[in-house]
Amino acid sequence: MLSDPFKTDNPTCETYANALKDFLTALKLDRVNLVGNSFGSRVAQCFSIYFSGRIIKLAMTGTGIGPRSMTEEKRNKVIATREAQIAKGGYAFGMRAHDLLAAHPSAQTVELVTNVLRATNPRGFMDGVKLSLVGGYSPEEVAGKMNFPVLMISGREDHVNPVEENAGILVKVVPQGKLEILDGAGHLPEVELPEKVNKLLRDFFS
């Protein structure tokens, strides 16, 4: 949304890890409990690789894992698809809200997600897309750095980062990993089922 862009047009896993480190330093926070959704889960994994000692516990929703291998052709295809999604501006992009939610969401939830999507910064969005395509934080690379408790919360109807292709893989290699799968939620369980997610988070971090 309102975040300043990176100086580079091609931010890497380390770029995002350093950005989060600088943010925490500015707030004078040394070790923290961390929570991230989707793109935020990728940033958290990158942070784990470079600054694992600063994480007490980590929780992620709609978890996306780093690619193990990807051809240049597939990478270019994903970038072209994402650029097309935002080409008509934020108002049109907001129409994708249903893609992120489980079947039969409330009108209030749809409106909330639609407004967030409409406020998306195009360059920031594309930087996030590129992060999903770069290497450096595959499950195997991340697992060796996660020497702390990790909770993953996924919606059973997550079609953006399907459980079996993401959190279901990561939880098998993270020593202290735990996966909670929630019925009635898609890619945004913290928005769709806030009471359930908040309870899981409170119990995990307490």
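Buried means under 20% relative accessible area, while exposed means over 50%. Keep these cut-offs at hand for the exercises below, and remember that this is a predicted model.

**Exercise 1. The strand S3**

Work out whether strand S3 is enclosed or open to the outside, and where its side chains point.

Solution. Start by counting: 6 of the 6 residues of S3 are buried, so this strand is largely enclosed by the rest of the structure. Next, look at the directions. In a regular strand the side chains alternate between the two faces of the sheet. Here, Val150, Met152 and Ser154 point one way from S3, and Leu151, Ile153 and Gly155 point the other way. Both sets are buried.

**Exercise 2. The sheet around S3**

Find the order of the strands in the sheet, and name the edge strands.

Solution. First, trace the order: the open sheet has 4 strands, arranged S1-S2-S3-S4 with parallel pairing. The edges are strand S1 (32-37) and strand S4 (177-182), each of which pairs on one side only. On average, neighbouring strands of this sheet are turned by 15° against each other, direction ignored.

Now take the two partners of S3 in turn. Strand S2, residues 55-61, runs parallel to S3 and is joined to it by 4 bridges. Within this pairing, alanine 59 has leucine 151 of S3 as its bridge partner, and threonine 61 stands opposite isoleucine 153. On the other side, S3 and S4 pair in the parallel sense over 6 bridges. Here valine 150 has glycine 177 of S4 as its bridge partner.

**Exercise 3. Aspartate 158**

Locate aspartate 158, decide whether it has a salt bridge, and list its surroundings.

Solution. Begin with the location: aspartate 158 sits in the loop between strand S3 (150-155) and helix H8 (167-170). Then check the charge partners. A salt bridge needs a side-chain nitrogen of Lys or Arg within 4 Å of a carboxyl oxygen of Asp or Glu. For aspartate 158, the nearest side chain of opposite charge is arginine 42, at 9.4 Å. This aspartate is buried yet has no salt bridge.

What lies around it instead? A polar atom of the side chain of aspartate 158 is 2.9 Å from the backbone nitrogen of valine 160. Leaving aside neighbours within four places in sequence, aspartate 158 is in contact with Gly62, Ala185, Gly186 and His187.

**Exercise 4. Two positive phi values**

Compare lysine 28 and serine 38: where does each lie, and is each buried or exposed?

Solution. Take lysine 28 to begin with. Its place is the loop between H1 and S1, and its phi is near 60°, a positive value in a residue other than glycine. Lysine 28 has 75% relative accessibility, so it counts as exposed.

Now turn to serine 38, in the loop between S1 and helix H2 (39-51). Phi of serine 38 is near 55°, again positive in a residue other than glycine. Serine 38 has 15% relative accessibility, so it counts as buried.

**Exercise 5. Serine 3**

Place serine 3 in the chain and say whether it is buried or exposed.

Solution. Serine 3 belongs to the segment before helix H1 (13-26). Its relative accessible area is 60%, so serine 3 is exposed. As a last step, look across to lysine 130, which is 127 residues apart from serine 3 along the chain. The C-alpha atoms of these two residues are separated by 17 Å.

Terms used: Residues numbered from 1 in each chain as written. Predicted model: local features only at pLDDT ≥ 70, side-chain atom pairs only at ≥ 80, totals over all residues. Heavy atoms only, no water. Helix = DSSP H or I, 4+ residues; strand = E, 2+ residues; numbered from the N terminus. Buried < 20%, exposed > 50% of the residue type's maximum accessible area, 1.4 Å probe, protein only. Lys, Arg positive; Asp, Glu negative; His and termini not counted. Polar contact = N/O pair within 3.5 Å; in protein donor to acceptor, adjacent residues only side chain to side chain. Contact = heavy atoms within 4.5 Å. Pairing = 2+ DSSP bridges. Axes fitted to C-alpha atoms, helices over the stretch in contact; angles between N-to-C directions.
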